[in-house]
Structures are given as C-alpha cells and as structure tokens.
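Here's a protein model to get to know. Take a look first, and then we'll talk through the words people use for its parts.

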Amino acid sequence: MSYFFSIIIPVYNTEKYLPRALDSILAQDFDLNKIEVVVVNDGSPKACECRAIVEEYSNKLRLEYIKNEVNQGTHIAKKRGIESSNGEYFLVLDSDDFYEKNALSVLYQDILKNGNADYIEFNFYELDGKRKHQSSFFDSLGKNKKVEDVLSFKKNHTVWNKCFNSSIKNIWQSMESFYSIFSEDYYEMGIIEYYVKKRRLISFPLYVYVQDTGITSIKKYEKEKVKKMIL
C-alpha cells in the first residue's frame, strides 16, 4: 500500500484522549486510503485499553500498532514510529490533541502547488477549556529561522505542527536515544534545523493543541528525572 501521509501517535496513559485524536483523522476531507496511522504504546499502564482502541479503529483506518514493553519516553516512541512509517510525508500527533478536518487536504494541495520541502510548518489553535484561539507563538517569518533562533526560543520549536518529508527520516534515526517526556521537541528541532535546506509555512491553523491534558497537566516533576532530561 502506498501512503502519502503517515501520522505517528505516541501514547502513554492518555488512552482516554486517543479516540478523539483518531476521530479527527477519520474526519479528514482527504482520501483515508492514503493515510497511515502508527500508534506507539510506550509501555502504558493501560496497555489493554490502548490495544482495544486500536483494534476498534483498525476497521476504519490503515493502522499499525507498536508496543514498547517498558516506558522509554516520548522521544524514543516518536523515533520508533517514524522509523516504521511508510508515507511520503509524516506528522506527529500528540494523543491528547487533534487535527482540523481540512489539515491533510491543505497540506496536500500546498505540496502539489509548491513542490517538496524538508518540512512544512503550520499554525495551530490553543484550546484552554472551551476557549479556542489561534496561537500567537506561530511566526510567519519562521521560514528564515536559524538554529540559534530555535535554541533561544525565538522561533517555534514544536514537532507536532510540522509535516516532514520522509527523506529526512535519517536525521531522526541519527539522534541519540534517551528518556524524555517533555521538551524533547526542543532537542529534536535543534538538530533538524541544522540539516534542513527547505522549509515552508502555512499561516492557517491546522492543529488543535489542548492545554492542561497529558504532559501539560502534570504540575510537579521529580527533580532527578528533570535534571537527567535537561542534561
């Protein structure tokens, strides 16, 4: 089967949000036969629940299921999913977030019109409770970003509002594997920005970032674990 888009969804203790994420893929105004979904269960305590959801949606989506026996962190889960993906382009969808219904068709039309890019960055909504607003963190001048802009937080460094060309999968595979459950995007995009030659931006919001769910709902972190991830 030939896929145009692969969507990687890491899951750890966020099974209750996973159906919403998958439903947002089902609702796309784009050919579902050209979409591959890779769910990576990162050693979740609710592994049986995760598998049951995947089995339910396997009748509706082209879905691959990867299970880590132990929790290895979001960074490694993403790497495994990306390595297993087969699409011409791949995206990472956090399991507690979701897409606007035209997300993939907008990206597809952009690629047809403007040609390939190492990645395409798109704007997103932030959802705080019932209040949905367009993010102010998206910078329309981001196409001129440099590595130092990402490392100094002057430009966007998140992975989930990007559509990556499969030709850069080798960059992901070359990254160090280490345990991390937050801000791994900062590390990943710092390396990606160093290597990429061509990027584009879409100012229209295609993604909904849900605040205070998943990792963002954690109010207290273990000091030694945070220190290890920072190092």
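What follows is a short run of questions and answers about this predicted model.

Q: How do you know which residues can be talked about here?
A: The model is predicted, so local features need pLDDT of at least 70, side-chain atom pairs count only at pLDDT 80 or more, and totals for chains, interfaces and linings use all residues. Residues are numbered from 1 along each chain as its sequence is written, and side-chain values use heavy atoms, with hydrogens and water left out.

Q: What makes asparagine 68 buried or exposed?
A: Buried means under 20% relative accessible area, exposed means over 50%, and partly exposed is in between (1.4 Å probe, protein chains only). Asparagine 68 has a relative accessible area of 1%, so this residue is buried. Its place is in strand S3, residues 62–68 (strands are DSSP E runs of at least two residues, helices H or I runs of at least four, both numbered from the N terminus).

Q: Which residues is asparagine 68 in contact with, leaving aside its neighbours within four places in sequence?
A: Contact means heavy atoms within 4.5 Å, and the partners include Val40, Asp42, Ala77 and Arg80.

Q: Why is asparagine 33 called partly exposed?
A: Its relative accessible area is 33%, so asparagine 33 falls in the in-between class. This asparagine 33 sits in the loop between helix H1 (18–26) and strand S2 (35–42).

Q: What makes the link between asparagine 33 and arginine 62 a polar contact?
A: The rule asks for a pair of N or O atoms within 3.5 Å; within protein, one must be able to donate a hydrogen and the other to accept it, and residues adjacent in sequence count only if both atoms are side-chain atoms. The side chains of asparagine 33 and arginine 62 are joined at 2.8 Å, so that counts.

Q: Why is the pair of phenylalanine 4 and tyrosine 108 called edge-to-face?
A: Rings of Phe, Tyr and Trp (its six-membered ring) pair if their centres lie within 6.5 Å; planes under 30 degrees apart are stacked, over 60 edge-to-face, the rest tilted. Here the centres are 4.9 Å apart with 85 degrees between the planes, so edge-to-face fits. Phenylalanine 4 lies in the segment before strand S1 (5–11) and tyrosine 108 in helix H4, so the pair ties together parts 104 residues apart in sequence.

Q: How do you know that lysine 60 lies over the face of tyrosine 57?
A: A charge sits over a ring if NZ of Lys or CZ of Arg is within 6 Å of the ring centre and within 35 degrees of the ring normal. Lysine 60 is 4.6 Å from the ring centre of tyrosine 57 and lies over its face.
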